[in-house]
Amino acid sequence: MGNEKHVIIMGGGITGLAAAFYVQKYAKETGQPVTFTLLEGSERLGGKIDTIVQDGFVIERGPDSYLARKTVMTELIKEIGLEDDLVSNETGQAYILHNNKLNPIPEGAVMGIPTKVIPFAFTPLFSVFGKARATFDLVLPKRSDLNKDVSVGHFFRRRLGDEVVDRLIEPLLSGIYAGKIDQLSLKSTFPQFVETEKKHRSLIIGMKKSQPKMVKNHGAGKKKGVFMTLKNGLSSLISALENSLPSECIQRGLKATSVARLEDGTYQVHMEDGSTVTGDQLIVTTPYSITKHLFNDILFPPELHKTKPTSVATVAIGFNEEDVTFHLDGTGFVVTKSENTSITACTWTSRKWPHTTPDGKVLLRCYVGRADDQDIVHESDEVILGKVLADLKASMGIDAQPEFYYVSRMIDSMPQYEVGHQERVKELKTAFTKNLPGVLFAGAPYDGVGLPDCVNSAKKAADSLFAK
């Protein structure tokens with residue numbers, strides 16, 4: 001191959017496409033002769049990102065936005081030419097469904113941590129004992145071993161007590177990871193709270209001090225939203241990334257079955273039709289179970305992703321505005337585990353993202369499936385819809401048939417970052433560096449499940465190819 005280096009990118013989701021984009025970009029910038037082939041087993045690129053645009057609606061079947069403070073995603077969007085399509089979410093009151101009632105999340109609660117006394121003191125969400133227990137955070141010492149990883153649940157229960165965790169923090173955080181918070185790694189999911197405890201000891205004091213000043217949005221007096229998306233849906237980013245890459249470098253609709261290292265140090269990917277693709281290095285972005293299979297399960301730490309990824313489903317539902325007589329102002333609600341509902345959360349999409357919905361219509365997006373109860377995800381569309389509509393009637397008083405609905409299942413799609421996750425990922429990467437050098441891992445199984453985390457992981461992998 002001479003001096004030319006060929007990289008095989010496995011997986012055509014956001015991580016794989018971003019990796020291909022950066023490999024192409026760095027090759028041009030550095031003048032290094034690096035080429036790539038991207039392999040995607042399905043016919044469709046984008047992975048979990050999937051947007052339906054119809055009749056004036058923009059409906060996301062997978063992720064609908066990303067955290068704006070993680071700027072790598074915005075930078076990619078600007079580089080790809082979609083800056084003018086960026087939209088921030090509308091802010092508004094969010095609620096918790098508890099005791100069959102929608103209770104406002106207390107003002108000043110940041111990820112469930114109270115930073116304002118009065119709203120917290122008067123919320124009906126907690127008992128007098130629960131509120132008093134949360135104030136222990138103000139006097140509790142730091143953990144003695146701050147470098148030791150603990151579960152998210154253990155960390156917050158110690159500082160704020162069970163009530164605040166079960167009725168506020170757990171519903172908010174489990175929506176992000178669809179996991180059991182008493183097993184989730186704090187270091188790998190919310191490292192900022194480790195730093196808060198280190199620096200301020202008290203979470204309440206630390207979060208209060210670290211809150212940014214309110215940013216006025218175009219003089220309207222409303223806070224700017226912390227999430228961003230694209231006005232034509234996130235699939236428009238997938239299309240733009242695909243269009244920026246040479247079509248002959250993308251191979252789709254054919255699954256890889258195994259990877260072998262040849263005597264000359266190159267890698268050969270075997271495809272299901274018997275063909276092979278050969279390259280000098282690999283960037284592997286496939287789901288963890290597929291990745292293990294490709295490498296015949298060798299070199300993988302037995303404790304990494306011991307818990308199976310969770311499955312969730314979303315139900316996007318469109319109504320005529322006159323059929324929805326619900327008057328609470330806000331952007332949606334999450335549900336405590338103690339509620340007897342199928343839904344775990346509901347986004348009032350037409351309020352949070354007004355650009356997604358034509359005038360005179362209402363768009364809601366409901367989530368079903370918990371880490372410890374995923375059976376509903378495997379029910380038929382009709383059964384899921386029936387249960388969701390019953391929950392919407394009980395919680396929001398909606399008693400109408402929808403104009404349309406879309407049920408989207410994400411089976412085994414949410415990797416569970418258990419306590420010790422970072423150490424096991426390090427162990428995995430070290431084992432491959434030693435035994436199969438040139439194989440790089442990127443994406444949700446390793447470095448964070450959010451879209452910016454996936455993009456950043458891809459960028460780092462591409463960076464390392466050009467580091468020498």
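**Surface patches and a three-stranded sheet**

With a relative accessibility of 65%, Val117 counts as exposed, because the cut-off for that class is over 50% relative accessible area. The model in which this value was computed is predicted. Val117 belongs to helix α3, which covers residues 117–122. Together with Ile118 and Phe122, Val117 makes a nonpolar patch on the surface, with an area of about 380 Å².

A second surface patch is charged. Glu321, Glu322, Asp323 and Asp359 gather there, and the charge of this patch is negative. One of these residues, Asp323, is located in the loop that lies between strands β15 (310–320) and β16 (332–335). The relative accessible area of Asp323 is 34%, so this residue is classed as partly exposed; the class applies because the value falls between the limits of 20% for buried and 50% for exposed residues.

The model also contains an open sheet of three strands. The strand order in this sheet is β5-β9-β6, and the pairing is antiparallel. Strands β5 (66–67) and β6 (86–88) form the edges, each pairing on one side only. In general, the strands of a sheet pair through backbone hydrogen bonds, in either a parallel or an antiparallel manner. Between β5 and β9, the latter comprising residues 227–230, there are two bridges, and the two strands run antiparallel. Within this pairing, Tyr66 is placed opposite Met228 of β9.

Key. Residues numbered from 1 in each chain as written. Predicted model: local features only at pLDDT ≥ 70, side-chain atom pairs only at ≥ 80, totals over all residues. Heavy atoms only, no water. Pairing = 2+ DSSP bridges. Helix = DSSP H or I, 4+ residues; strand = E, 2+ residues; numbered from the N terminus. Patch = residues over 30% accessible without salt bridge, like charges linked within 9 Å, V, L, I, M, F, W, Y side chains within 5 Å. Areas by Shrake-Rupley, 256 points an atom, 1.4 Å probe, with all protein chains shown as cover. Salt bridge = Lys/Arg side-chain N within 4 Å of Asp/Glu carboxyl O. Buried < 20%, exposed > 50% of the residue type's maximum accessible area, 1.4 Å probe, protein only. Lys, Arg positive; Asp, Glu negative; His and termini not counted. Charge placed at Lys NZ, Arg CZ, Asp CG, Glu CD.
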